[in-house]
Amino acid sequence: MNHIQTLEWFWSIIKKADCNREKLKEILSAFKKEEIIRFQENFVDASIELQDKPYTDYMEESEDGVEDIANWIVSNGLDLYVSVIENPERIPYSVNEFTNQILYGIADEVCTEKYGESTGIY
């Protein structure tokens with residue numbers, strides 16, 4: 001699978017999960033270990049893109065806050081992600097009231113439950 005197909009695969013899963021942690025858990029539970037790891041890698045890669053300047057200029061200062069905001073944006077899908085990538089000023093200052101919509105960590109949880117070890121990707 002090439003890089004573009006991998007990203008289409010990743011974003012289609014995010015869309016199906018619809019900011020619902022339980023729904024994502026259900027989807028990933030059907031996957032092989034390698035697919036769960038690949039999902040986690042894609043999530044982390046997308047999130048890291050938003051954890052530096054110019055994006056951090058518009059966010060709350062704390063490290064946890066920056067990670068939560070970036071993870072929340074990825075969790076909300078490709079359209080929001082692209083919008084923020086192209087327009088950093090659209091990034092939310094805080095997502096404290098929306099942390100239940102953050103899908104980060106579910107892949108690791110599923111991998112641990114199903115295979116007895118984490119993805120090792122954070």
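**Helix packing in a predicted six-helix chain**

Helix H3 and helix H6 are roughly antiparallel to each other, a class given to angles over 145 degrees, while angles under 35 degrees count as roughly parallel, 65 to 115 as roughly perpendicular and the rest as oblique. The axes of H3, residues 33-48, and H6, residues 106-115, come within 9 Å and cross at roughly 160°, where axes are lines fitted to C-alpha atoms over the stretch in contact and angles run from 0 to 180 degrees between N-to-C directions. Lys33, Ile36, Phe39 and Gln40 of H3 meet Ala107, Asp108, Val110, Cys111 and Tyr115 of H6 in this contact, with contact meaning heavy atoms within 4.5 Å. Sorted by class, the contact of H3 with H6 has six nonpolar, one polar and two charged residues (nonpolar: Ala, Val, Leu, Ile, Met, Phe, Trp, Tyr, Cys and Pro; charged: Asp, Glu, Lys and Arg; polar: the others, Gly among them).

The model is a predicted one, in which local features need pLDDT of at least 70 and side-chain atom pairs count only at pLDDT 80 or more, whereas totals for chains, interfaces and linings use all residues. Residues are numbered from 1 along each chain as its sequence is written, and side-chain values use heavy atoms, with hydrogens and water left out.

Taken as a whole, the chain has six helices and zero strands, helices being DSSP runs of H or I of at least four residues and strands runs of E of at least two, numbered from the N terminus. The order of the elements from the N terminus is accordingly α-α-α-α-α-α. The C-alpha atoms of the chain fill a box of roughly 40 × 30 × 25 Å when this is taken along the principal axes. Of the 122 residues in the chain, 43% are buried, where buried means under 20% relative accessible area, exposed over 50% and partly exposed in between, with a 1.4 Å probe and protein chains only. Among the contacts between residues at least 6 apart in sequence, 69% join residues at least 24 apart.

The first two helices of the numbering, H1 (3-17) and H2 (21-29), are joined by a loop in which Asp18 is found, and Cys19 lies in that loop between H1 and H2 as well. Phi of Asp18 is near 55°, a positive value in a residue other than glycine, and Cys19, which is not a glycine either, has a positive phi of about 60°. The accessibility of these two residues is nevertheless divided, since Asp18 counts as exposed at 53% relative accessibility, whereas Cys19 is buried, with a relative accessible area of 18%.

The loop between H3 and H4 holds Pro54, and the peptide bond that leads from Lys53 to Pro54 is cis, with omega near 5°. Across this loop, the axes of H3 and H4 (residues 63-75) come within 9 Å and cross at roughly 120°, and the two helices are therefore oblique to each other. Phe43, Ala46 and Ser47 in H3 meet Glu67, Ala70, Asn71, Val74 and Ser75 in H4. That contact of H3 with H4 comprises four nonpolar, three polar and one charged residues.

H4 also packs against helix H5 (residues 78-86), at an angle of about 130° and with the axes 6 Å apart, which makes H4 oblique to H5. On the H4 side the contact involves Trp72, Ile73 and Val74, and on the H5 side Leu80, Tyr81 and Val84. By class, the residues of the contact of H4 with H5 are six nonpolar, no polar and no charged.

Towards the C-terminal part of the sequence, Ile106, Ala107, Asp108, Val110 and Cys111 are buried in H6, and the buried residues of H6 pack against H2 and H3. H6 is followed by Gly116, whose phi is positive, near 75°. In the segment after H6 lies Ile121, which is buried, with a relative accessible area of 17%. Apart from neighbours within four places in sequence, Ile121 is in contact with Ile37, Gln40, Glu41, Val44 and Tyr104. Ile121 and Glu86, by comparison, are 35 residues apart in sequence and lie 26 Å apart in space, C-alpha to C-alpha.
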